[in-house]
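Hello,

Here is the structure for your files. My notes on it follow below.

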Amino acid sequence: MAHSARRDSPELPDFSVLKRLARDQLIYLLEQLPGKKDLFIEADLMSPLDRIANVSTLKQHEVDKLYKVEYKPVVSTSDQLCFLIRPRIQTVKWVCDVVNADKAAGKFKRYKIIFTPQKFYACETVLEEQGIFGDVSTDEWAFYLLPLDEDIINLELPEFFRDNFLEGDQRWVRTGGSALHLFHSIYGPFSKVYGIGRCSKMVYESWREQVKEGEQKARQAEVGTVFLIDRDVDFVTPLCSQVVYEGLVDDIFRIKCGCVEFGPDVTSSDKSIKVMLNSQDKVFNEIRNEHFSNVFGFLSQKARNLQTAYDKRRGMDIKQMKTFVSEELKGLKQEHRLLSLHIGASESMMKKKTKQDFQELLKTEHSLLEGFEIRECISFIEEHINRQVSYLKLCPLSLYFFTGLLPKDYRSLKAQYLQSYGVDHLLTFANLKQLGLLVEQQPGETLTVMESKMGKLVNDKTAGKLTDAFSSLAKKSNFRALSRRLSLVPKSDEEYDLRVPRDMAYIFSGAYIPLSCKLIEQVLERDGWTGLEEVTRLLNGHEFAVTADLRPQSDAQRIILVMFLGGCTFSEISALRFLGRERGYKFIVLTTAITNSARLIEAMLDNHV
Amino acid sequence: MMKSKADEEDYWNSSKFKAFTFDDEDDEFTKLKESRQAVNSICGLVEEEEDEDEVEKVSWSGEPVGSISWSVRETASSLREQSFPKIDTTPSLPKNSSGYSLSSLFKGKEVLSDSSVRLYAPELRKPKSEYKVTAVSLEKFRSLQEKLLLLDEAVGVHDGNVITAVLIYLKKSLSKEVLFRELESRQTALRHFIHYLTESKEQRLLLELYRALGRTEDEALLQYKEHLRITDENKRRDFLKSCVSLPFSPEDAGHVQDHYTLLERQIIIEATDRQAETGGKVEIFQKFPRRASILNMPLITTLYYCCFYHYAETEGTYSSPANIRQTFRIAEKQYFVTALAARAKLKAWHDVDALFTSRNWLGFTRKKSPLSFSRVADILSKNNAPVQVLQEYVGLVDDVELRVALAQKYKCHFIVISTYRDLKDRQLLLGYRGKVERGSEEERKIDELLSNPQIRWKN
């Protein structure tokens with residue numbers, strides 16, 4: 001089942017230094033506030049923090065009590081408070097309230113805010129406005145890169161997606177550049193950088209700026225090639241249901257910072273258990289990239305092997321038994337534990353998916369991608385909306401948009417959607433429109449005119465800002481054209497053997513090759529964008545390829561850092577791993593967050609205060 | 001929601017198709033079950049020799065002991081107990097991790113003594129040159145031209161933080177009119193400004209900005225969004241009423257109007273029903289106590305509620321399903337699905353029957369449905385409808401194969417039998433004889449058919 005790696009696949013660099021670096025920096029910052037202190041941690045920083053440090057690390061540096069930031073008055077009795085937060089106005093306002101409440105009560109304490117990965121001017125303005133600028137010291141913890149696995153590094157910035165693509169706020173561009181810079185200064189120098197998307201280009205430029213500012217020591221490169229890609233280059237892929245094991249686990253149980261919580265239905269006991277999912281888990285490592293339909297066979301084979309291994313004990317003499325216990329038993333037990341977890345997870349996923357008409361959903365997605373049986377797809381979507389199944393049913397709707405939504409269907413589906421889930425989802429629809437995920441189409445002719453105008457605008461640099469407003473229109477009809485040009489949808493009349501995948505389409509049951517990964521494959525193959533002019537035009541341009549004047553090193557060249565700006569899915573990572581095995585590359589994924597269809601749509605929700 | 005989550009799933013979920021079959025489902029599922037059994041059988045074996053250090057130490061919450069998330073929770077719970085639990089039992093960190101003082105290291109020297117790692121300390125606290133410089137010297141930019149140049153410069157470097165910093169300065173030092181005017185032609189800066197105002201909750205200024213820019217729909221949506229902050233239902237209703245006249249697109253204006261009308265009705269229904277429930281005189285509220293208030297629920301949930309509690313009411317009342325259907329122009333299919341689900345949940349099979357029965361001008365009745373009869377059967381079976389009810393709808397499924405499959409699934413034997421008879425398939429009928437109960441009415445029926453000389457069997 002595990003694919004044999006090509007013998008000459010290069011070795012991946014060691015990323016554990018990134019964790020040590022981040023931890024050491026944090027400790028340094030804590031030492032800047034000597035003495036006992038209470039530490040308040042932003043909720044979504046807790047898991048990342050857990051990956052690099054633990055309580056005793058903090059205790060060693062005189063952290064007394066730990067609290068989660070909950071936007072409530074604090075009860076701490078310590079006279080030193082330290083806040084470890086993301087640079088968000090809301091959180092800073094809360095800190096201001098805390099400080100001002102203490103002031104009003106006549107308490108005098110020392111306060112320190114550590115912003116991570118950086119502070120924003122707008123946050124400091126809040127401190128100023130609330131009259132506590134100077135009472136609170138601020139610092140930055142440049143914790144950019146969190147290695148989640150041997151080939152995944154995460155920025156853990158899910159808001160990057162919404163801020164950048166929906167709000168059009170470029171606050172994270174420099175962060176992206178700094179992350180790349182940090183990576184470059186440890187594992188570089190890069191000799192080739194490719195990219196596509198507005199944000200990618202800006203991040204690239206920001207990185208170049210930072211390289212110029214600092215000095216660069218000559219070194220052997222460990223990673224030589226970089227590919228940057230914006231999430232809005234390919235929205236279709238993350239909208240599809242995932243069927244590769246790791247992706248499916250993420251869709252159903254939500255993997256958080258490399259860790260998943262399996263409930264009682266999986267553990268078949270009365271408690272939940274948190275499990276780290278990475279290459280250290282030998283069972284998981286062998287199934288994570290597999291199509292779900294292959295996983296059962298694999299697991300039952302494993303179970304049988306395990307049984308045989310245990311059975312060996314029978315008829316052993318004392319000496320053999322001793323060796324068995326000291327050498328094999330521990331490994332077997334470990335494997336046993338993992339195996340029963342993943343079998344439990346598979347069972348539970350099977351049950352859930354059976355309930356949710358999963359097969360029908362997949363069929364609908366595939367039809368939409370192929371452009372067949374659209375009426376059936378609409379009635380499927382409609383029926384799910386009518387039955388109030390889940391707001392995530394916007395995913396197929398949005399997918400339908402990319403593949404050609406008719407105006408009358410749009411209006412009718414939107415109306416039914418609002419009836420089923422609440423009119424306040426008007427706000428969600430407005431966001432989807434703004435982002436270009438779901439837009440009411442102009443009638444045919446207008447669209448063509450708009451598009452041809454668009455084409456001119458794209459080439460005109462000063463008018464670049466206008467493309468924002470129109471890009472969604474251009475995206476609409478382009479998926480079909482892109483799909484044809486890049487052969488994203490294999491011919492449906494051929495049997496696809498999922499056990500022996502022949503291309504990256506296996507991650508979607510052989511129905512679709514993810515656009516993002518196909519672009520990467522093509523550019524690496526062609527060593528640039530030559531021959532892809534039509535494709536980049538359909539994608540609104542912003543592509544680039546830069547080659548540095550460096551002695552090429554074959555091994556480092558074949559280790560490729562792919563940076564996803566706005567998040568990537570586990571399915572895409574699986575597809576890249578497959579591509580790596582096929583072509584003798586090793587891919588490292590650097591992403592602002594792990595995403596999937598649910599997270600993508602949730603980022604658009606606005607129907608709460 | 002009216003029902004608990006599980007309840008709801010159970011009730012809505014239905015599968016017309018065989019669900020989740022990548023290939024041969026049964027086979028795979030059995031395989032999985034077998035593996036589960038195999039693994040479980042080893043369990044006893046393993047547990048007897050389980051050594052504790054193997055297993056990760058987890059606290060009651062399932063969180064590894066010593067993790068930060070765990071500790072935070074401990075702190076939270078200790079707040080109530082006023083004593084912080086000792087966590088000295090936590091495994092201490094390996095020595096190499098933080099044994100040295102870091103202050104000495106961040107001076108550009110090698111951070112890690114490990115010589116195999118070629119790592120240099122990145123300048124940890126590198127001044128963020130741009131904005132610090134600009135922030136300090138911003139006051140120097142006094143003429144409009146200089147200010148705008150500054151803004152364009154900031155946009156040019158693609159650093160949102162710097163752009164926002166400049167905008168905050170411009171906001172303080174320019175009048176709104178001038179600022180708005182200049183932002184209109186600077187889309188990137190404008191979007192940063194809008195985002196900044198949104199985050200710092202400067203609603204009023206943002207509305208003014210939209211108005212100045214003529215972005216009426218954005219203005220309307222932003223104002224409409226305010227209703228989410230209003231918790232009092234009467235105030236919320238009045239607010240929504242005022243939203244109706246906002247400059248929405250014609251389509252959205254209709255939706256907002258519906259929103260207002262819906263809440264207005266929900267308030268009336270809620271008041272009446274709460275009284276009826278506490279009064280204890282109305283049977284249905286005694287038998288099926290309401291689990292939640294209907295206020296602020298979506299329209300379809302409200303329709304379901306009314307089909308559940310107020311089905312028989314005449315069109316004149318606000319809570320009658322027919323009235324709701326008409327007022328909100330609910331599609332026929334949508335109405336049927338909801339009404340069917342509600343009546344089936346109550347096992348009111350007569351109502352179900354009436355829902356699908358229509359009479360033609362000769363007075364004959366026949367069954368009509370906007371959704372497929374297989375789906376109807378599906379929803380009914382999910383609500384444990386008896387065979388007598390089910391077979392009525394299964395029998396109406398047009399597609400012969402699907403009809404037989406459903407009839408077998410729901411054990412509607414007579415449907416299977418009569419379908420085979422219509423197909424004149426003696427072999428299938430003979431085969432089915434083995435599946436019905438010995439001596440049952442079904443068996444007698446099959447025998448009767450098999451011995452009927454008037455049927456011309458095809459095999």
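Which residue, with a positive phi, follows α19(A)? A:Gly436 does, and its phi is near 90°.

This is a predicted model, where local features need pLDDT of at least 70, side-chain atom pairs count only at pLDDT 80 or more, and totals for chains, interfaces and linings use all residues. Residues are numbered from 1 along each chain as written, chains are lettered from A and ligands numbered from 1 in written order, and side-chain values use heavy atoms, without hydrogens or water.

Helix α19(A) covers residues 426-435 (helices are DSSP runs of H or I, at least four residues; strands are runs of E, at least two; both are numbered from the N terminus). Seven of its 10 residues are buried (under 20% relative accessible area, 1.4 Å probe, protein chains only), so the helix is largely enclosed by the rest of the structure. Among them are A:Phe429 and A:Asn431.

Chain A also has an open five-stranded sheet, ordered β2-β1-β3-β4-β5. The pairing is parallel (strands pair if DSSP finds at least two bridges between them). β2 (63-68) and β5 (136-140) of chain A are the edge strands, each with a single partner, so one side of each lacks a neighbour in the sheet. Five bridges join β4(A) (residues 110-115) to β5(A). A:Ile114 stands opposite A:Asp139 in β5(A).

In chain B, α17(B) (residues 349-356) meets α19(B) (residues 387-394). B:Trp349 and B:Phe356 are among the α17(B) residues in this contact (heavy atoms within 4.5 Å). B:Tyr393 is one of those on the α19(B) side.

Best wishes

Definitions and conventions:
Axes fitted to C-alpha atoms, helices over the stretch in contact; angles between N-to-C directions. Buried < 20%, exposed > 50% of the residue type's maximum accessible area, 1.4 Å probe, protein only.
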